[in-house]
Amino acid sequence: MSCHVLVVSAIRPRHMDVLAAKYILHRYDQAADKDGFVADVADKITALVSTAGVGVPTVLIDRLPNLKVITSFGVGYDSIDIDACRTRGIKVSNTPDVLNDDVADTAIMLMLATLRRLVVGDQWARSGNWSAKGAMPLTTTARGKKLGIVGLGRIGQAIASRATPIGMEIGYYGRSKKPVEYHYEAELTGLARWADILMISCPGGEATKGIVNDAVLRALGPSGYVVNIARGSVVDEPALIAALRDGVIAGAGLDVFANEPHMDRGFAGLENVVLYPHHASGTVETRDAMAQLVVDNLAAWFDTGVLVTPVN
Ligand code: NAP
């Protein structure tokens with residue numbers, strides 16, 4: 001099999017070097033005239049590398065008649081049309097598990113930073129308010145609170161295992177009840193009513209678009225918090241901004257946004273949110289491990305025709 005690989009979005013530089021030494025790379029990501037570039041190489045391409053953030057346009061897949069495999073950097077694959085790939089017999093891989101720890105750490109970091117008002121406190125110290133006005137207002141503890149996890153998958157379970165020793169009670173919502181001790185709610189609104197903090201860790205895409213809506217936020221209530229490390233699309237952002245502004249909920253810690261990197265500026269003016277620029281897996285160690293998994297998937301595909309971490 002010819003090893004012509006279309007690079008739609010690059011992985012880590014060291015791992016790009018590894019790919020370049022093994023395969024003939026076609027750098028779509030660097031092409032000025034992308035249309036003309038695809039026209040020139042389309043027939044040769046059997047494999048494609050991209051990242052979850054950039055994804056793969058379905059029109060591009062349609063233009064590659066011999067495409068057999070897409071290896072994506074990231075665990076979410078909502079930016080790849082899996083149905084179109086399935087129809088064409090194109091296999092897709094992602095990078096699960098290796099990012100669980102850093103993403104779960106970020107979820108806990110955002111939760112604690114929101115409850116304990118870390119950014120406000122930082123500003124209080126920096127601005128001189130501390131010496132001028134005295135102690136900052138009291139915050140609220142995580143201990144004893146109920147954490148409602150939306151999507152108890154690999155990352156959701158890693159979050160639960162960190163929240164338990166903090167002294168939190170764990171509940172979850174998903175399409176099915178799992179063989180775990182945690183409290184289960186079959187309806188998202190029910191979980192929001194039960195929880196003090198709604199932790200979103202389900203996939204993005206059509207099935208979960210806007211499921212955290214006004215009704216869910218009202219069920220969470222004025223002392224409730226939202227933390228989202230999943231996808232911005234899961235939340236109805238205008239409803240969330242209104243809820244944060246009007247005291248429908250108490251606060252939010254957000255790593256992901258509907259329109260990245262052009263985050264809704266409505267969030268920037270709110271004091272009760274802690275914002276992070278979709279960087280939950282953004283450590284050198286985890287990004288290297290994700291890149292290695294892309295390299296391994298591609299190698300396994302070309303060597304054996306079987307992916308290490310297949311999606312479909
Ligand atoms: P996973 O193991 O597949 O877990 C996803 C969980 O969501 C499962 O427990 C699943 O449970 C539930 N779920 C699936 N569809 C659902 C639906 N329609 N409604 C409610 N729950 C649903 O995935 P993961 O590895 O934990 O990753 C989860 C997501 O985190 C990824 O898809 C990605 O978008 C996001 N993520 C973000 C970052 C970041 O940098 N912020 C990094 C990594 C991942 P049931 O099947 O029982 O419903």
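The following exchange discusses the sheet and some salt bridges of a predicted model.

Biologist: In what order do the 7 strands of the open sheet lie?

Modeller: The pairing in this sheet is parallel, and neighbouring strands are turned by 20 degrees against each other on average, direction ignored. Strand S8 (183–185) and strand S12 (273–275) each pair on one side only, as edge strands. Read across the sheet, the order is S8-S7-S6-S9-S10-S11-S12.

Biologist: Which residue in S9 is the bridge partner of Leu 147?

Modeller: Strand S6 (residues 146–150) pairs with strand S9 (residues 197–200) in the parallel sense, over 4 bridges. In S9, the partner of Leu 147 is Ile 197.

Biologist: What angle does the direction of helix H8 make with that of S6?

Modeller: Helix H8 (residues 154–166) packs on the sheet, where it touches S6, strand S7 (169–173) and S9. Its direction and that of S6 make an angle of about 175 degrees.

Biologist: How many residues apart in sequence are the parts tied together by Arg 162 and Asp 105?

Modeller: The side chains of Arg 162 and Asp 105 meet in a salt bridge, at 2.6 Å from N to O. Because Arg 162 lies in helix H8 and Asp 105 in helix H5 (residues 100–115), the parts that this pair ties together are separated in sequence by 57 residues.

Biologist: Is Asp 35, which meets Arg 63 in a salt bridge, buried or exposed?

Modeller: The N to O distance of this salt bridge is 3.0 Å, and Arg 63 is partly exposed, with a relative accessible area of 34%. Asp 35 has 55% relative accessibility, and the cut-off for this class is over 50%, so Asp 35 counts as exposed.

Notes. Residues are numbered from 1 along each chain as its sequence is written. This is a predicted model: local features need pLDDT of at least 70, side-chain atom pairs count only at pLDDT 80 or more; totals for chains, interfaces and linings use all residues. Side-chain values use heavy atoms; hydrogens and water are left out. Two strands pair if DSSP finds at least two bridges between them. Helices (H or I, at least four residues) and strands (E, at least two) are DSSP runs, numbered from the N terminus. Axes are lines fitted to C-alpha atoms, for helices over the stretch in contact, and angles run from 0 to 180 degrees between N-to-C directions. Contact means heavy atoms within 4.5 Å. A salt bridge is a side-chain nitrogen of Lys or Arg within 4 Å of a carboxyl oxygen of Asp or Glu. Buried means under 20% relative accessible area, exposed over 50%, partly exposed in between (1.4 Å probe, protein chains only).
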